[in-house]
Amino acid sequence: MARHSGQARLATIFLTVFLDMLGIGIIIPIVAPLILDTQANLIPEATPFGQRTFLIGLLISSFSIAQFFGSSVLGTLSDRFGRKKVLIASITGTTIGYAIFGLGIVTGQLWLLFLGRLLDGFMAGNLAVIYSAIADISTPENKSKNFGLVGAAFGMGFVIGPFLGGQLANTELVSWFNYATPFWFSALLGLVNVLVIWQYFGETLLIKVRKPLSWTSGFRNIQKAFVNDKLRSIFTVSFLFVFGFTFFTQFFQVYLIEKFDYREADIGMLFGYLGIWIAVTQGGLIRPVMRFFSPDQVIRLATLILTAALLMLLVPNQSWQLFLVIPFVSICQGLTTPNITATVSNLADAEIQGEILGINQSVNSFAQLLPPLIGGILVGFDIRMPLLVSASFMFFAWLVFTLGVRNKKRAQA
């Protein structure tokens with residue numbers, strides 16, 4: 001296989017996303033236990049539960065706010081300078097961010113945690129660059145499948161990442177492990193990721209385009225998304241879907257800690273299990289599914305089932321029963337995400353793929369930054385809120401898609 005062939009580029013993208021998502025997945029079981037732990041020496045021991053959950057929300061939102069600005073900037077820069085240079089720069093920044101966060105834990109400096117998450121969040125905007133690279137080498141017919149390949153790498157990162165993160169913070173496993181250990185390991189993965197791209201990633205952008213660059217372009221992207229009659233409905237669906245699933249992933253840990261007395265290793269195990277099903281779905285299941293069903297049919301059915309599955313997570317009184325419901329959550333998420341992204345990409349012209357997918361990433365980043373801003377408050381009142389709010393927004397996503405996107409396509413037919 002030629003080094004810069006389409007398959008070679010896809011393989012490199014797959015490995016890059018896997019390493020990137022592995023680093024992100026490692027920290028999933030850490031943040032909530034870290035802030036809720038009265039012995040962590042980051043905030044006063046007497047700080048009430050509600051204030052701690054609010055702080056969790058602020059820390060999570062710092063990542064999402066920075067990603068909101070970073071996605072459009074990095075997407076535009078990749079159209080101007082190429083995908084490879086921007087990916088190398090962004091992952092280098094991510095590596096530094098992990099190291100800063102780990103240093104903050106070790107020194108007990110809360111502001112370093114926020115600085116690390118802000119840097120990591122801004123650089124996480126490179127997801128728009130990754131999708132743009134895939135769009136560069138894909139046809140409309142295989143785009144959903146190729147986006148699903150990235151989803152598989154994403155899922156695999158979440159299979160291994162949360163489990164590994166929970167173990168790396170488990171002092172019962174190794175005495176010198178602590179909350180900071182997963183971040184040192186994530187920084188090391190970042191260095192490996194940079195080397196992989198440097199050596200093996202072939203540039204996918206054929207025609208470079210200079211577009212105006214602005215730090216406030218994220219807000220303009222939101223405006224563009226919702227004034228564009230052609231894309232407004234699918235952007236709305238994307239926003240509602242990401243908002244709902246983000247609310248679930250960011251605060252479900254609090255529910256697990258308070259109801260089932262979960263620790264880092266337990267959270268890592270459950271999220272790793274969730275990731276297994278996402279990887280199976282996007283790495284294998286999505287291809288046969290797309291041979292028999294259209295993206296419209298997949299999105300419509302999966303969002304409705306996901307709504308029910310999230311509500312079903314409220315039923316178990318024993319933690320093992322959660323593992324019976326999680327596959328439905330994972331499969332539906334794994335089927336919906338690449339089909340929404342592919343729908344957005346297919347509706348955009350080839351020469352503005354980076355811009356449109358950057359806009360989509362801005363919409364998604366905006367959807368990701370809102371849940372922690374309000375979730376930390378809501379979960380302080382009722383630990384069931386992560387599931388109730390998430391299910392509600394999934395239902396709204398289904399409703400908008402059914403009444404908006406599909407009906408508009410029928411009118412255009």
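**Helices and aromatic pairs in a predicted model**

Helix α3 covers residues 49–81. At 1.5 Å a residue, its 33 residues should span 48 Å. The end C-alpha atoms of α3 lie 47 Å apart, so the expected and computed spans agree. The helix does contain a kink of about 30°, centred on glycine 70. Most of α3 is covered, with 25 of its 33 residues buried. Glycine 82 follows the helix, and its phi is positive, near 105°.

The model is predicted. Its protein chain has a mean pLDDT of 84. A pLDDT of 70 or more is reached by 93% of the residues. Confidence varies among the elements. Helix α1 (residues 6–26) has the lowest mean pLDDT, at 76. Helix α12 (residues 295–312) has the highest, at 94. Where pLDDT is low, predicted coordinates should not be read in detail.

Helix α12 was examined in the same way as α3. Its 18 residues reach 25 Å from the first C-alpha to the last. That is close to the 26 Å expected at 1.5 Å a residue. Several residues of α12 are buried, including Asp296, Val298, Ile299, Ala302 and Thr303. Leu306, Thr307, Ala309 and Leu310 of this helix are buried too.

Aromatic rings were considered next. The count comes to 17 aromatic pairs. One pair joins phenylalanine 239 and phenylalanine 366, with ring centres 6.1 Å apart. The planes of these two rings meet at 35°. Stacked pairs need planes under 30 degrees apart, and edge-to-face pairs need over 60. The angle of 35° falls in neither range, so the pair is tilted.

This pair links distant parts of the chain. Phenylalanine 239 sits in helix α10 (residues 232–260), and phenylalanine 366 in helix α14 (residues 353–381). The two residues are 127 residues apart. Their accessibility classes can be read from the values. Residues under 20% relative accessible area count as buried. Phenylalanine 239, at 15% relative accessibility, is therefore buried. Phenylalanine 366 has 26% relative accessibility and counts as partly exposed.

A further tilted pair is formed by phenylalanine 260 and tyrosine 262. Their centres are 6.3 Å apart, with 55° between the planes. Both phenylalanine 260 and tyrosine 262 are buried.

Phe239 and Phe366 also belong to one aromatic cluster. Its other members are Phe243, Phe247, Phe251, Phe393, Phe395, Phe396 and Trp398.

Terms used. Residues are numbered from 1 along each chain as its sequence is written. This is a predicted model: local features need pLDDT of at least 70, side-chain atom pairs count only at pLDDT 80 or more; totals for chains, interfaces and linings use all residues. Side-chain values use heavy atoms; hydrogens and water are left out. pLDDT is the predictor's confidence in each residue, from 0 to 100. Helices (H or I, at least four residues) and strands (E, at least two) are DSSP runs, numbered from the N terminus. Rings of Phe, Tyr and Trp (its six-membered ring) pair if their centres lie within 6.5 Å; planes under 30 degrees apart count as stacked, over 60 as edge-to-face and the rest as tilted. Buried means under 20% relative accessible area, exposed over 50%, partly exposed in between (1.4 Å probe, protein chains only). The expected span of a helix is 1.5 Å times one less than its number of residues. The bend at a residue is the angle between axes fitted to the seven residues ending there and the seven starting there.
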